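Reader: I'd like to go through this one with you and ask where the labels come from. Can you show me what we're looking at?

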Amino acid sequence: MTDYRPPLTDLMFVLEHIADYETIASLPGFEHADLETVNGLLDEAGDFMAEVIAPTNRQGDTIGAKWQPDGSVVTPDAFKAAYRKLIDAGWGSLQFPEEFGGGGFPWTIGIALQEMLNSANTAFALNPLLTQGAIDALLHYGSDEQKRTFLPRMISGEWTGSMNLTEPHAGSDVGALTTRAVRRDDGTYRISGQKIFITYGEHDMADQIVHLVLARTPDAPAGTKGISCFIVPKHLVNDDGTLGERNGVRALSIEHKLGIHGSPTCVLEYDEATGYLIGEENIGMKIMFVMMNNARLSVGLQGLSLAERAYQDALAYAKERKQGKAIGAESDSPIIDHPDVRRMLMTQKAYIAALRRLMYTNSAQMDISRNHPDAAVRQRADEIVALLTPICKSFGTDIGSEMTSLALQVFGGMGYIEETGVAQYFRDVRITQIYEGTNGIQAADLVGRKLGLRGGAAVSEYLQQLRALDGDLAAAGTEFESIRAALSDNLGALEEATRWMLQNGQADPNSALAGSSPYLRMWGLVLSAWLLAKGALVAAGTDDSANAETQLVLARFFAEQLLPAARGLLPAATAGARDLYALDEDRLIRR
């Protein structure tokens with residue numbers, strides 16, 4: 001396992017030239033967050049992540065979180081010390097409002113910090129990630145009193161947060177939950193029920209945990225329309241802001257998982273715990289989606305972060321490991337000289353670059369949707385965010401898992417040995433395809449909800465935006481010819497699949513859902529090629545010839561060797577559901 005090296009050069013290139021950060025910095029309230037300031041800030045943050053957080057990664061995996069018989073959870077000692085340094089440095093608060101003690105920076109800068117934090121130690125990073133979701137929900141729906149009570153210390157990191165959705169019998173089907181919330185005369189609620197898969201639902205890194213809990217009141221409508229959201233703190237809060245008596249919530253156990261061992265995944269029991277309603281009764285799903293939509297981008301980012309960390313290790317190993325003679329060599333060669341190893345490394349590098357551009361494109365649109373003074377611009381940015389978020393989550397984690405596996409392959413047999421460290425990344429990244437809505441759910445969301453925005457006009461306009469790059473590629477000369485040809489062809493396949501989805505989605509939803517995952521993959525591939533081509537065009541116009549060559553090679557490699565898979569997915573995306581249901585259950589079982 002090598003030391004983590006934050007990819008600051010590419011990160012800054014993406015911020016400046018792909019995410020158009022200067023436009024974001026010009027929005028009201030971000031005058032202090034200019035590109036030069038951000039450059040220095042991220043350089044300092046990168047040093048912190050590499051020197052303070054990254055060394056805790058191995059201990060988190062080998063020691064892990066430990067449940068105690070009294071219901072407490074002990075995290076590795078290194079986690080507690082690193083977390084204290086994180087909150088003292090203020091790295092978890094930069095993207096939140098200054099009104100509550102945050103730094104008032106754009107969300108995109110928070111994403112940049114998250115990328116490096118997740119690469120340094122994903123299990124550790126999940127704690128501030130879950131707190132972020134709870135903060136965002138309270139910012140949108142909390143009362144003034146709730147904001148004053150909880151937000152300053154959650155934003156500082158002194159208190160952490162958790163999101164409590166899943167129950168033993170209600171996984172992705174949130175509407176089936178049965179946790180009860182009974183109103184008391186004083187306006188608080190008695191919360192009773194059990195929640196599972198609660199990340200950092202109990203731990204010793206902070207004295208207070210602010211649980212956001214979905215529950216159902218006695219007279220609530222059935223299904224998702226009858227869900228409400230409650231603040232249920234681990235400790236009740238006194239009038240003076242100090243912590244009071246322990247609330248009725250306890251960790252019954254933690255899960256024994258494939259990866260992210262340092263992150264406690266808890267089973268929580270609520271036994272008439274005191275809860276405080278957020279907003280109104282029966283709007284819990286609205287609040288949940290506020291929590292989850294940002295979390296979905298952050299989980300997609302985890303795929304990028306772990307792929308980056310694994311790639312760094314694979315590259316270092318390939319340069320050092322000697323095995324066999326490369327063509328023309330007279331003695332054993334480092335394996336990086338062998339073509340197939342080069343193919344694996346280039347595939348990782350190209351996909352990682354593409355994912356970074358995709359994630360920051362999404363986060364930039366988030367900032368515009370929240371902060372631009374023009375309502376029409378905000379609405380259009382919000383449509384793009386709605387379209388890109390399921391793609392970022394699903395494609396980001398699918399590719400993150402595949403590239404981490406490819407990094408392990410570079411190591412050969414040594415990659416399968418735990419001591420080399422790359423196996424940990426492979427185990428850690430696998431959950432990202434599952435939590436915050438499985439990738440199949442993301443694909444269903446894309447075709448079932450997002451394509452229909454404005455009757456399909458929102459997605460059609462975005463496809464036209466992608467098509468508009470063709471003119472710039474045509475004018476760029478012969479070096480861009482193959483990129484232009486491949487992008488035009490595969491964008492055409494995506495346009496064809498989109499027309500099919502819009503025509504068939506309402507009349508035959510089963511057929512649209514049957515093709516939703518390959519269709520989402522087509523989107524990810526085409527967007528990746530488009531963003532890499534855009535980056536290569538921009539780099540060609542700068543005075544940095546070395547970077548211009550790098551961006552051109554990455555865009556060309558992706559367009560010629562990886563992008564063609566998009567057209568290959570067209571038959572799967574448009575095949576319909578016939579063969580998926582042609583065999584009954586008995587014949588699926590029969591051999």
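Author: Sure. Helices and strands here are DSSP runs, a helix being at least four residues and a strand at least two, numbered from the N terminus. Keep in mind that this is a predicted model. With those names, D20 sits in the loop between α1 (8–18) and α2 (21–25).

Reader: What makes the phi of D20 stand out?

Author: Its sign. Most residues other than glycine have a negative phi. The phi of D20 is near 55°, which is positive, and D20 isn't a glycine. E272 also has a positive value, near 50°, but E272 belongs to strand β11 (residues 265–277).

Reader: Why is D20 called partly exposed?

Author: Buried means under 20% relative accessible area and exposed means over 50%. D20 comes out at 39%, so it counts as partly exposed. E272 has 45%, so it counts as partly exposed too.

Reader: How do you know that α7 is roughly antiparallel to α9?

Author: From the angle. The axes of α7 (residues 122–141) and α9 (residues 284–320) cross at roughly 155° and come within 9 Å. Anything over 145 degrees counts as roughly antiparallel, so α7 gets that label against α9. The crossing is right-handed.

Reader: Which residues of α7 and α9 meet there?

Author: On the α7 side they include L126, L129, D136 and Y141, and on the α9 side K286, I287, V290 and L306 are among them. By class, the contact has eight nonpolar, seven polar and two charged residues.

Reader: Why is α5 called oblique to α7?

Author: Helix α5 (residues 77–89) packs against α7 at about 45°, with the axes 11 Å apart. Under 35 degrees would be roughly parallel, and 65 to 115 roughly perpendicular. The angle fits neither range, so α5 is oblique to α7. F79, A82, Y83 and L86 of α5 touch A123, F124, N127 and P128 of α7. That contact has seven nonpolar residues, one polar and no charged ones. This crossing of α5 and α7 is right-handed.

Reader: What makes you say that α10 is largely enclosed by the rest of the structure?

Author: Buried takes under 20% relative accessible area. In α10, 25 of the 33 residues are buried, so the helix is largely enclosed.

Reader: And how do you know that the span of α10 agrees with its 33 residues?

Author: Take 1.5 Å times one less than the number of residues. For α10 (residues 339–371) that gives an expected 48 Å, and its end C-alpha atoms are 48 Å apart, so the two agree.

Terms used
Residues are numbered from 1 along each chain as its sequence is written. This is a predicted model: local features need pLDDT of at least 70, side-chain atom pairs count only at pLDDT 80 or more; totals for chains, interfaces and linings use all residues. Side-chain values use heavy atoms; hydrogens and water are left out. Axes are lines fitted to C-alpha atoms, for helices over the stretch in contact, and angles run from 0 to 180 degrees between N-to-C directions. A crossing is left-handed if the near helix is turned anticlockwise from the far one by less than a right angle, and right-handed if clockwise. Contact means heavy atoms within 4.5 Å. Ala, Val, Leu, Ile, Met, Phe, Trp, Tyr, Cys and Pro count as nonpolar, Asp, Glu, Lys and Arg as charged, and the others, Gly among them, as polar. Buried means under 20% relative accessible area, exposed over 50%, partly exposed in between (1.4 Å probe, protein chains only).
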